[in-house]
Amino acid sequence: MAAGMILPPATLGMLGGGQLGRYFVSAAHELGYKVWVLDPDANSPAGQVAERHFPGGYDDYLALDEFAQGCAAITTEFENVPSDTLDYLAKFVPVRPSAAAVAVCQNRIAEKSFLRDNGFPHGPFAAIRNEHDIQVASAALFPAILKVARFGYDGKGQATVNNRDEALLAFAHFKGEACVLEQRLALDYEISVVLARDESGNVRCFPTGENRHTKGILDVSIVPARTSGCLASDAEDLAARIAADLGYIGTMGVEFFVSRGRLIVNEMAPRPHNSGHYTLDACVTNQFEQQVRALCGLPLGDPRTHSAAVMVNLLGDLWYDGEHYREPAWAKLHALGNLKLHLYGKHHARHGRKMGHFTVIGSDAAEVQAIALAARTAIGIRDE
Ligand code: ADP
Ligand code: MG
């Protein structure tokens with residue numbers, strides 16, 4: 001047995017109780033571990049299935065002490081866990097990924113600066129901390145997108161701004177929060193790489209996926225991406241180098257734009273990624289098992305896909321028929337034998353809330369795409 005391997009029946013700690021945490025709990029359970037989840041939401045999807053749920057806040061140090069005492073190692077599924085919390089827990093047990101790596105990914109200014117300083121391809125941007133920064137920003141950035149540096153997700157905390165005046169208005173609307181101003185790029189399409197990196201620096205990339213967003217939220221992921229093999233493997237190399245430069249241990253997602261044929265890193269997620277959900281049904285090892293393996297010092301699993309896959313997100317909008325709230329007609333999806341439906345156990349559907357997803361798998365990529373898109377329409381998802 002390798003030194004430092006954490007083995008069952010050890011208890012693992014998960015900060016954050018969303019669907020990503022819920023899948024981590026399942027993967028850990030399959031491997032024989034127990035899991036404690038810390039999340040302020042009493043009904044969190046991961047808390048429902050873990051051995052123990054701590055309903056405290058991430059700055060509840062009494063709860064953190066008890067959590068650290070009971071866990072052999074701790075990870076996160078929520079990129080906005082305060083890095084101070086991760087640093088504090090790391091005094092007692094291994095915390096993977098590290099506070100330093102998460103801190104870079106959870107702040108867009110730190111993230112873009114990291115990309116720039118380490119020579120990764122990134123879009124033109126300016127850090128905006130006050131109105132003056134907008135007044136002196138390069139005119140070449142417009143038309144642009146102003147994004148809050150912290151706590152934005154699924155397109156929230158973003159405003160399209162055509163000129164300096166609009167940027168000033170949006171900045172005021174964001175109450176003067178630190179932001180990045182990014183040049184709005186012409187996107188050919190978007191891709192992502194989900195990978196796992198272990199403590200010895202070994203990296204396993206899942207095959208590059210192609211992502212379609214609707215209203216800033218991931219809608220459909222297609223694997224393999226319909227791109228050249230070269231571009232897909234360049235994306236995997238870049239993602240692996242980013243993980244190495246961050247000293248990253250665990251599963252991470254790297255989002256890319258393909259703009260005028262060029263690869264541009266958009267952002268990193270210090271956790272499993274929505275675009276990696278296809279790995280649950282189409283890969284030898286899924287992204288959550290890799291997270292468990294990296295956390296526990298086990299060798300990483302084989303990330304190979306055994307099927308082409310298309311994943312479709314199911315948002316809360318689907319529960320509304322006009323004003324009427326009702327369960328979607330799942331039987332339409334269950335009728336398809338190569339469609340895997342996943343629901344996250346969230347108690348209330350809200351517009352834009354990720355409630356579940358489905359993945360269609362098969363040997364013929366074109367057929368898988370056609371079936372998935374037809375199923376997406378059949379369940380009631382409309383193209384805008
Ligand atoms: P989030 O954290 O919400 O995922 P992103 O920065 O990834 O934030 O933005 C969400 C989506 O908005 C992207 O996937 C892309 O479709 C679009 N987008 C974001 N930034 C740009 C940009 N600079 N140029 C063009 N489109 C963008
Ligand atoms: Mg994104």
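Let's start with the open sheet. In this predicted model, the sheet has 4 strands in the order β3-β2-β1-β4, and the pairing is parallel. At its edges sit β3, residues 52-54, and β4, residues 73-76, each of which pairs on one side only. Direction ignored, neighbouring strands here are turned by 25° against each other on average.

Inside the sheet, take β1 and β2. Strand β1 covers residues 11-15 and strand β2 covers residues 34-38; they pair in the parallel sense over 5 bridges. If you want one position to look at, go to Leu12, whose bridge partner in β2 is Val35.

Now the helices on this sheet. Helix α1, residues 19-30, lies across β1, β2 and β4, and runs at about 165° to β2. Helix α10, residues 287-296, also packs on the sheet. That helix, α10, touches β1 and β4, and its direction makes about 140° with that of β4.

Next, the metal. Which residues supply the protein donors of the magnesium ion, ligand 2? They are Glu255, which gives two OE donors, and Glu267, which gives one OE donor. These donors lie 1.9 to 2.8 Å from the ion. Glu255 is in strand β13, residues 250-259, and Glu267 is in strand β14, residues 262-269, so the pair ties together parts that are 12 residues apart in sequence.

Are these two glutamates buried or exposed? Glu255 is buried, with a relative accessible area of 15%. Glu267 is buried as well, at 19%; the cut-off for buried is under 20%.

Strands β13 and β14 come up again in the nonpolar interior. The largest nonpolar core has 25 residues, and those with the most contacts inside it are Ile242, Leu246, Met252, Phe256 and Met268. Which elements give two or more residues to this core? They are α4 (99-105), α5 (108-117), β9 (189-197), α8 (229-246), β13 and β14. The largest share, 7 residues, comes from α8.

Phe256 is a useful residue to click on. Leaving aside neighbours within four places in sequence, Phe256 is in contact with Glu190, Ile191, Ser192 and Val193, among others. Its list of contacts also includes Ala235, Leu238 and Ala239, as well as Leu263, Ile264, Val265 and Asn266.

Last item: there is a second, separate core, with 22 residues. Among its members are Ile6, Ala28, Ala73 and Leu298. Two of the elements described earlier come back here: Ala28 falls within the range of α1, residues 19-30, and Ala73 within that of β4, residues 73-76.

Methods:
Residues numbered from 1 in each chain as written. Chains lettered and ligands numbered in written order. Predicted model: local features only at pLDDT ≥ 70, side-chain atom pairs only at ≥ 80, totals over all residues. Heavy atoms only, no water. Donors = N, O, S within 2.8 Å, 3.2 Å for Na, K, Ca; no water. Buried < 20%, exposed > 50% of the residue type's maximum accessible area, 1.4 Å probe, protein only. Pairing = 2+ DSSP bridges. Axes fitted to C-alpha atoms, helices over the stretch in contact; angles between N-to-C directions. Contact = heavy atoms within 4.5 Å. Core = buried A, V, L, I, M, F, W, Y, C linked by side-chain atoms within 4.5 Å.
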